[in-house]
Amino acid sequence: MSNDSLQVRFTDEKYSMRIDVARALGTNLIDGIWNNILEYRKQFQIVLPIKDITKMPLTLTCGKKVNELSKEVEDAIARLDVALANQPARKDNAALYAFTHEMKRLELSNIARLRNIQINDIAIGNIISKRAVDMKFNHLVNYFNALEKIVPVSKVTEDLLADYYSKLLGQAELTSFYRTSSINSSSERVMIDRLYGSAPANEIEEMMKGVLALANSNNLPYSVRATLVYYLVNYIKPFEKYNEEMAIIFAKLVMPDFNKTGYLKLIPIERMATQRTFEYSSICRDIQKNKDVTYVALLLLEVILETIQSALDRLAVLSVQKAGEVYYGGEETKKTKEAETPQPKVETSVEIKTDNETQVIPSKKSKKDKEQPIVFERYSTPINTEEVSEKELKRRENDMLESDPTLKVGQAKFYVRHCTPGKYYTIEQYKKAIGCVYETARTSMDSLAKKGYYQREKVNNKKFVYTPITK
């Protein structure tokens, strides 16, 4: 195979590191071949506006591989942006609600995995719904609050980053911004062979000026800039802690929101911190030696592309699924609406003639003319049942039955004792509390959910739990 073919193969077809070339060719004697590959790459190479810790400039090869992959990523993002913009912006858009909730759950799940925080979907749901959670999840709460604040910006500044960092720390005001000392964490100390775990504190400000210049430049596709920003923040580690989270937030700020829907910030690119981590670490070590950031840009672009494609697939599935639910439930919904709509009252009568007068007597109502069913509003707002006496609970139970006669005694009895906001109850709890069979308990809990007393949620695709709905 000619040198020209090897240059194309290991640059345009797959952007390979030296070790990959040696492995592919089955020999370590590749000095000449590798030099030719590097020479070929120079024609596509640009120097970034930032130097590494050793004061050497970092480079990016904007060749065929980077251009094709970044275009593929940005096309996928544009398709998702359009798909979200075309979603009806209604409160009852079940598909959009389910999609946004799932994206938020994935964002928090990835941060929990990054920080080794053990958390279940119920607790994550509480964070998303702004319910109270255990203090051990405060970091996830702070991260979610920072995400909620993200809006499209024309320029990323230090002040803007400081604002998000304060959110991440859960502080109203920062007492410091960039770190002023070395990082003592064993995982972030200076490594051997002149490989660094973080930048010296006195170099941070100057290096971050270069990162901001890169982020705000229009000379590179925004998807490439987002990946490089993520890498560089993790390389420099300018903050005392939570550098990975700040790197993700910074990358999200670089991503656009073409249709101003506000949904693209929810795409869980947090996967950059949890996917292909061994490969990422290996690439980072190579970059410190060879100053070529193309490898990390391509790796992260692949992760982002997988994330966007998964989001597109999920939105499509949910849209079809929810549309099917509306279609198949349409007749029942129509009947329910007809039942809830007041109908004009039509009096029917018959005339009975006697010798002296004609008497009008109302006729009996037919089945079609019977009164429409009364629709009862949900009775109460959830309370903390631990703070209420049994006498008060009994009073509420009776009041509930009088306010909503469609309820069964067991349902009222269970609800008033199991309606603490933020808590989740099961069918088994109903069965035990009321002393009934499982099927009765299930239908009773589902009925309470349909009436608006509980919200039914699935846990681990195995069982349903019920949480009180607040007005």
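Which loop holds the place of Arg276? In this predicted model, Arg276 sits in the loop between α11 (243–254) and α12 (277–290).

## Two loop residues with positive phi

Let's stay with Arg276 for a moment. Its phi is near 55°, a positive value in a residue other than glycine. Arg276 has a relative accessible area of 30%, so it counts as partly exposed.

Lys130 also has a positive phi, near 65°, and it isn't a glycine either. You'll find Lys130 in the loop between α6 (121–128) and α7 (138–149).

## The cores

Now for the inside. The largest nonpolar core takes in 107 residues, and Leu80, Leu228 and Phe250 have the most contacts inside it. Helix α13 (residues 294–328) gives the most to this core, chipping in 15 residues. There's also a second, separate core of 19 residues, with Ala412, Val416, Tyr453 and Tyr466 among them. As a general point, nonpolar side chains in soluble globular proteins tend to be buried together.

Want to look around Leu228? Setting aside its neighbours within four places in sequence, Leu228 is in contact with Leu48, Leu60, Leu214, Leu220, Val293, Val296 and Ala297.

## A buried glutamine

Gln411 belongs to helix α16 (residues 409–417). Its relative accessibility is just 2%, and because buried means under 20%, Gln411 counts as buried.

So who does Gln411 touch, leaving aside its neighbours within four places in sequence? Its contacts are Thr406, Tyr430, Ser444, Ser447 and Leu448. With Ser447 there is a polar contact as well, side chain to side chain, at 3.5 Å.

Notes: Residues numbered from 1 in each chain as written. Predicted model: local features only at pLDDT ≥ 70, side-chain atom pairs only at ≥ 80, totals over all residues. Heavy atoms only, no water. Helix = DSSP H or I, 4+ residues; strand = E, 2+ residues; numbered from the N terminus. Buried < 20%, exposed > 50% of the residue type's maximum accessible area, 1.4 Å probe, protein only. Polar contact = N/O pair within 3.5 Å; in protein donor to acceptor, adjacent residues only side chain to side chain. Contact = heavy atoms within 4.5 Å. Core = buried A, V, L, I, M, F, W, Y, C linked by side-chain atoms within 4.5 Å.
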